[in-house]
Amino acid sequence: MFTAGVDLEPMSKNTTFDVAIIGAGVTGASIAWALAKYDLKVAVIDKEADVAMGTSKANSGILHAGFAAASNTLKTKYNVIANPMFDKVCADLKVPFNRCGTFVVAVRDTEMGYLNDLLRQGTENKVPVEIITDSKRMHDMEPELTKDAKGVLYAPTGGIVSSYELNLRLCECAAMNGTTFFLDAPVTSISIKKEHFAIKTPRKEVKARYVVNAAGLFSDKVEQMVGLHTFNITAWKGEYIILDKGSITLNHILFPTPTKQSKGIVVTPTTHGNILVGPNNIFYEDREDVATTTEGIWEIIEGGDKLIPNLPLRKVIHNYAGLRAKADTGDFVIGPTSVERFFNAGGIQSPGLSSCLAIGIDIARMLGEAGLPLKSRSEYLGVIPKPFCLRETPLEELDAIIKQDPRAGHVVCRCETVSEKEIVEAIQRPLGARTLDGIKMRVRPQMGRCQGGFCTPKLLKILSRELKIPVEKVTLKNNNSPLLFGRTKGLKSEVWQE
Amino acid sequence: MTEAKPAEIRCIICPNGCLVTVKERPDGKYDTEGAGCKRGMEYAEQEYREPKRMLITTMRIEGGILPVLPVRSTKELPKDRIFEAVKFVSAIAIKAPVKMGTVLVPNLLNLGVDVIASRDIEGKKK
Amino acid sequence: MKEIKTDIAVIGGGPGGLAAALEASKTGVRVLILERDFELGGILQQCIHNGFGLRYFKEELTGPEYSQRFINMLKDSDVEILRNTMVIDLKPDKTITAINRTDGVITVKPQAVVLTMGCRERTRGAINVPGDRCAGIFPAGLAQRLVNVEGYMPAKSVVIVGSGDIGMIMARRLTLEGVEVKAVVEVLPYAAGLIRNRVQCLEDYKIPLYLCHTVTHIHGKDRVKGVTIAQVDDKWRPLKGTDRFIDCDTVLFSVGLIPENELSEKAGVVLGSTGGPVVNELSETNVSGIFAAGNVLQVHDLVDWVTLEAQRAGKNAADYVKNLTRGVAERGRIKVLPGDNVGYVIPQFIDYLGGDTQVQFSFRPKGPAKDQQTLIESGGTVLAKRKHQHVIPSEMINIVTKVDPFAIKNKEITVRIVPQPEEEKKQ
């Protein structure tokens, strides 16, 4: 029976891991990455069939400068430490990143007070910030910015990062260095034994001496499994629309002035050249409800229009939503607990992505202080070689590559210009794609303007061939999401051959 | 003999889409009302008397560059036999190569209509 | 890197490209078709229903039969064909970069280019349909390809959004393959496609058609579980209290086609309101020597018109190569504008108008109407006139006519659709 999730087990089945990390979002991934340089047996457990399937793939993709939160918060502490780390880590792990800078835009004189507050907070947090009121300068820097802009808080250290690719690469780096991933493995209970924890999932029991809870929207439920109750999570939905590449020229991330609840509806370029508008901020009882709504979409279009008038809506290609995991403590919940060797890394809402690298490193330090031996791993691989990417390859080089590997000459995704070679590599890499969403996340087919209209038949065949499963068993994101129900005319169910 | 019920037939000959009422007279001829032209009247009568449709489907083809071959009937067949026709044709497989126009099923269901290939399909190269 | 020499490069080997290439090659110039699929025929290969060729061949053919006729004609010609080849760049100087598995990177430097890349489908995301992002949501054409070409079944029960011809045809196709088609949902107050399809695809199979309705939510965490539909007002906004849930495992979207002009834009071709290039009566774009025809220029409803349009583009491209056309400097630039009840007109310019020039005007009405007439006018003078018993946006109107160059005022022609005067009706 085909399982979309896979156990990558370089270890024997009865291993007791040094550390088990529950959650393979950016937080869990960063912790695994930070631990990967040490000679440890680490396991990462996630309920979904792939990594980065929760909030980590459904957010704004922003590296915050760190001027927003109070200086005595973990949010500010980790954001400010992590921010300068992104250049090197993204370069090492080949994650798209652009330190383009952030604008917070006041569109009324009455909003200027907010900018002053942020200037003060930013300065206190030691983040470079300035206020620009000169209209010419504002619009030279950002030509499409609304003419209503009265002033702008400019933070040059803000940037955009592909959050799901960062999540993926952090996990890949960990996998390259021996980390075991248990996917399609929701944690149902955790028993505390004398020297270890026994973490039960439907197919496996994972034993580990130390446990880090990075379970995002369910991090409160996970800590309750060991008898703790130090925080409660509520889910707050943020919806987005994506515009096609080249729809407007946008040089910076644009924020409106913030409200008490949220940073507001943003208009931002992405590292791939699309434009993102969103998110709104609505409480949801169901922590797995990531559907977009009519009202939500209208709300974000209105919010976007405020910053960039007359957004070209005919260039919209998709909408999506993610849920913020908000802890009722008002801050990240990070650190040791009253249960020995059990650590929390929960309540990671904004600026979670911007803080993840620092959280990872600090959790590793805390684990060390709690007795985990932190001996350097010999032959640690910290740099991921740049994978082949057709659209970034100069033509002469591309010609030579095709002569060696004809699959590089088969363009499968026309909108994003993606070849069969890079799709096959995305399946065969450590933590490779096993689903259509997995391919989408790793190499972009189905992200473009046709949203899979052209490439889907080819992707189904490639996944079938590489995973050696019949074409009709290929799924969108897990075993409950097949694309097809079978064949017509009594045709045989087959693995694709070519 | 009970009087046949009149029927309202939507004419499809041109986008006017006249709604034509057709009723069978006791003498076997038809009364039509509402047709905008002669073609429409004739169509409505035919549709009332014996509605006919083209059969359009695919057939399994073995050894070809594609797994299914698009086929059609050479003429329209009675509308109420279409599902049966599709079932019959779906149960047959043919072998590549095939040329457009080849008769694959002669005299389908004894209706005086053939099923032909809509395109060429070459055999798969080994 | 391979360099291929040719006179005319045709990008796209569907009905447009086939017709353009054949016509051009009749004059003896070298022609190369670049086609990304493994075979020629384009979208026709999956359109297995009939209704094609009534005008051009005076026969009613299926899509594959129509393209097979041209493919067979091509075999007797000198047209060169590159299959499985994707064009990735087109420059203003007409240099083409393409790639395939066997030749690697290919450069073509033709004297003329004919753009016949066709369309892509408008997606769920592009029309902002809210809800979950689960398996089972397809553009209708993708489902058509999976069923008719690849032999896979993507659905057990389906709701189809959009009552254009593709949506209605798929309703019938899927029903005949054993799928339960629960409903077709259409935002307009009338079915968008041919009446024939409404009768033979929906009414024949008793498939409910919900007019003035839209899908307001797609439900399903992993695979589609159902849709919520609601009635809409005349601005297409959902009306409160009209929600209804239809359970299904598949949603197909048939909500329009978008000409694929990303390559055209790379070459500096200017696009117009159809989403396709602005062209003159020769089907030439603003870039000298680049021509466009077929769905990439304007979305067609009858492939027969695509063939005629593409033949014209191919012939003119050949004339261009043979230096038989006048240059950019001599362009007259008479503007052709859409008037009353006309959505758009192609061509947008007439450049080389002589007394004998036959100009083909292609246009669509904005809204349906009966007993209308098209007036092609300039400065109040009627240059040409045609009567129509009915006009409907889903049916393109094509008028081929001579235009008196001396009657043109202010270098402007307007195409209008107006009611016939009472006394002229029913003549």
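**Strands E7, E8 and E9 of chain C and the contact with chain A**

Mentor: In this predicted model, strand E7 (residues 86-90) of chain C runs antiparallel to E8(C), and four bridges join them.

Trainee: What makes E7(C) and E8(C) a pair of strands?

Mentor: Pairing requires at least two bridges. E7(C) and E8(C) are joined by four bridges, so they pair under that criterion. C:Asp89, for instance, has C:Thr97 in E8(C) as its bridge partner. The hairpin of these strands has five residues between them, and C:Lys94 there takes a positive phi near 75°.

Trainee: How do you know that E8(C) also pairs with strand E9 (residues 104-108) of chain C?

Mentor: The same count is applied. Five bridges join E8(C) to E9(C), and the two run antiparallel; the criterion asks for at least two, so this is a pair. C:Thr97 stands opposite C:Thr107 in E9(C). A hairpin of three residues links E8(C) to E9(C).

Trainee: Why is strand E8 (residues 96-100) of chain C called largely enclosed?

Mentor: A residue counts as buried if 20 or more other C-beta atoms lie within 10 Å of its own. Four of the five residues of E8(C) are buried, and the strand is therefore largely enclosed by the rest of the structure.

Trainee: Which elements of chain C give two or more residues to the side that touches chain A?

Mentor: The contact takes 42 residues from chain C and 46 residues from chain A. Among the contributing elements of chain C are E7, E8, E9 and helix H3 (140-150). H3(C) gives the most, with six residues. By class, this side of chain C divides into 18 nonpolar, 12 polar and 12 charged residues.

Trainee: What makes strand E24 (residues 486-487) of chain A and E13(C) a pair?

Mentor: Two bridges join them, and they run antiparallel. The threshold is at least two, so the pair qualifies. In E13(C), C:Tyr152 is the bridge partner of A:Arg487.

Trainee: How do H3(C) and helix H4 (residues 165-176) of chain C pack, and at what angle?

Mentor: Their axes are 10 Å apart and the angle is about 35°. The crossing is left-handed. The residues in contact include C:Ala140, C:Gln144 and C:Val147 of H3(C), and C:Ile166, C:Met170 and C:Arg173 of H4(C).

Trainee: What classes of residue make up the contact of H3(C) with H4(C)?

Mentor: It has five nonpolar, three polar and one charged residues.

Note on methods:
Residues are numbered from 1 along each chain as its sequence is written. Chains are lettered from A and ligands numbered from 1 in the order in which they are written. This is a predicted model: local features need pLDDT of at least 70, side-chain atom pairs count only at pLDDT 80 or more; totals for chains, interfaces and linings use all residues. A residue is buried if 20 or more other C-beta atoms lie within 10 Å of its own, exposed if 12 or fewer, and partly exposed in between; C-beta atoms are placed from the backbone. Two residues are in contact if their C-beta atoms, placed from the backbone, lie within 7 Å. Ala, Val, Leu, Ile, Met, Phe, Trp, Tyr, Cys and Pro count as nonpolar, Asp, Glu, Lys and Arg as charged, and the others, Gly among them, as polar. Axes are lines fitted to C-alpha atoms, for helices over the stretch in contact, and angles run from 0 to 180 degrees between N-to-C directions. A crossing is left-handed if the near helix is turned anticlockwise from the far one by less than a right angle, and right-handed if clockwise.
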